[in-house]
Amino acid sequence: MKLTEALRLVGDYAADQGGLVTSAQAKIVGVDGVTLRRLVDAGLLERVAHGVYGMPAAMAAEHLLERTAWLRLAAGRPGWERKPLDPDSGVLSHRSAAVLHGLGDLAPDSVEITVPRRRTSRDPNVRLRIAHLTDDDVTSVDGLPVTTVERTIVDLLADHTDGGHVGDVMADAHRRNLVDLSALSKRVVRFATAYGIRGAGSSRGMKLITRLLDQVGYRDLGDSDHRAAEDHGRQVLAVADRLVTLKPDELRRLAMLLRSPGLVEKVTRGTREQTRRPETGRDHDDHDDEMETP
């Protein structure tokens, strides 16, 4: 095959893959390994990684490692045919996702990709993570499937990433209006204890976010986020005020109920409803109220 014809064939793939083409894709259109080496020797192609070649004039230098690693997951299939949650492909995530979003100053030592099933990579610079992602967890950056900013932060916290680094990521995301801190707080509350936030209840999610942002000196929260933090604080105080009015037998009952999942949220919700009711003139020192079993 003439080099001009071979270059045209592989170029059809490379045009929509950031200037890259895999040897498996080349083989499908009749360009074998020998011809690929001839193209490299002629300076028309550049070997980027094992089984991946780039066209020097069209190859995008930005995110080259991430694009190469992602293409190799399903080397024979065109990138444009893969769905975001393709079972044979993957989604760039964790530190790699933060880099692609341009958030923080993380310097990953490998390309991190979340895949839906167990598989291995022969590339020591690629780390595959197994997790179930939904459509809401995935977005696109420069034609690559990447976890959303919110999911990326959740993954970093789940991976016990240094709080200062996560704080930088959150600060950059909030500064660019890429994340809703109130919504994020509901997803990160489960990591609060691991990052030193004590107590119970959903307010710990916002406390965790505030602490991580404080670590990096970021306090430029919008009005909505300030209101969310204040609401959490008022809910905690309302629950505390009610608890001090309970009789000993009610406290013992509460101690037993604390083993019930979601109790704190239910108590908080009940307290909120109680505070909305108009005063009836009932003496607040009367402790005949019964706590409803969740």
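**Exercise 1. Warm-up on one loop residue**

How does alanine 75 count at 26% relative accessibility: buried, partly exposed or exposed?

*Solution.* Step 1: recall the cut-offs, where buried means under 20% relative accessible area, exposed means over 50%, and partly exposed lies in between (1.4 Å probe, protein chains only). Step 2: apply them, and at 26% alanine 75 counts as partly exposed. Step 3: place the residue, which lies in the loop between H4 and S4. Helices (H or I, at least four residues) and strands (E, at least two) are DSSP runs, numbered from the N terminus. Step 4: list the neighbours, leaving out residues up to four places away in sequence; alanine 75 touches Thr22, Ala24, Gln25 and Arg82, where contact means heavy atoms within 4.5 Å. Step 5: look along the chain to serine 89, 14 residues apart from alanine 75, where the two C-alpha atoms are separated by 9.4 Å.

A word on the model before going on. It is predicted, so local features need pLDDT of at least 70 and side-chain atom pairs count only at pLDDT 80 or more, while totals for chains, interfaces and linings use all residues. Residues are numbered from 1 along each chain as its sequence is written, and side-chain values use heavy atoms, with hydrogens and water left out.

**Exercise 2. The whole chain**

Find how many helices and strands the protein chain has, and what share of its residues is buried.

*Solution.* Step 1: the protein chain has 12 helices and 8 strands. Step 2: of its 294 residues, 42% are buried. Step 3: take the contacts between residues at least 6 apart in sequence; 59% of these join residues at least 24 apart.

**Exercise 3. Two helix pairs**

Work out how H6 and H7 are oriented to each other, then do the same for H1 and H3.

*Solution.* Step 1: the axes of H6 (residues 149-158) and H7 (residues 163-175) come within 10 Å and cross at roughly 170°. Axes are lines fitted to C-alpha atoms, for helices over the stretch in contact, and angles run from 0 to 180 degrees between N-to-C directions. Step 2: angles under 35 degrees count as roughly parallel, over 145 as roughly antiparallel, 65 to 115 as roughly perpendicular and the rest as oblique. H6 and H7 are therefore roughly antiparallel. Step 3: Val149, Ile153, Leu156 and Leu157 of H6 make the contact with Val166, Val169, Met170 and Ala173 of H7. Step 4: sorted by class, these are 8 nonpolar, no polar and no charged residues. Ala, Val, Leu, Ile, Met, Phe, Trp, Tyr, Cys and Pro count as nonpolar, Asp, Glu, Lys and Arg as charged, and the others, Gly among them, as polar.

Step 5: turn to H1 and H3 (residues 33-41), whose axes come within 10 Å and cross at roughly 100°. H1 and H3 are therefore roughly perpendicular. Step 6: here Leu3, Ala6, Leu7 and Val10 of H1 meet Thr35, Leu36, Arg38 and Leu39 of H3. This contact has 6 nonpolar, 1 polar and 1 charged residues.

**Exercise 4. Salt bridges**

Describe where the partners of three salt bridges lie.

*Solution.* Step 1: a salt bridge is a side-chain nitrogen of Lys or Arg within 4 Å of a carboxyl oxygen of Asp or Glu, and the count comes to 16. Step 2: arginine 8 and aspartate 12 meet at 3.8 Å, N to O. Both lie in H1 (residues 3-14), 4 residues apart, about one turn of the helix. An α-helix has 3.6 residues a turn, so residues three or four places apart point the same way. Step 3: arginine 117 pairs with aspartate 88 at 3.1 Å between the closest N and O atoms. Arginine 117 lies in the loop between S5 (111-115) and S6 (126-130), and aspartate 88 in the loop between H4 and S4 (91-92), so the pair ties together parts 29 residues apart in sequence. Step 4: arginine 151 bridges to aspartate 137 at 3.4 Å. Arginine 151 is in H6 and aspartate 137 in the loop between S6 and S7 (138-141), so this pair ties together parts 14 residues apart in sequence. Arginine 151 is buried at 13% relative accessibility, and aspartate 137 is buried at 5%.

**Exercise 5. An arginine without a bridge**

Find the side chain of opposite charge nearest to arginine 67.

*Solution.* Step 1: arginine 67 is found in H4 (residues 64-73), where 7 of the 10 residues are buried. Step 2: Lys and Arg count as positive and Asp and Glu as negative; His and the chain ends are not counted. Step 3: the nearest such side chain is aspartate 142, 5.1 Å away, and the buried arginine 67 has no salt bridge.
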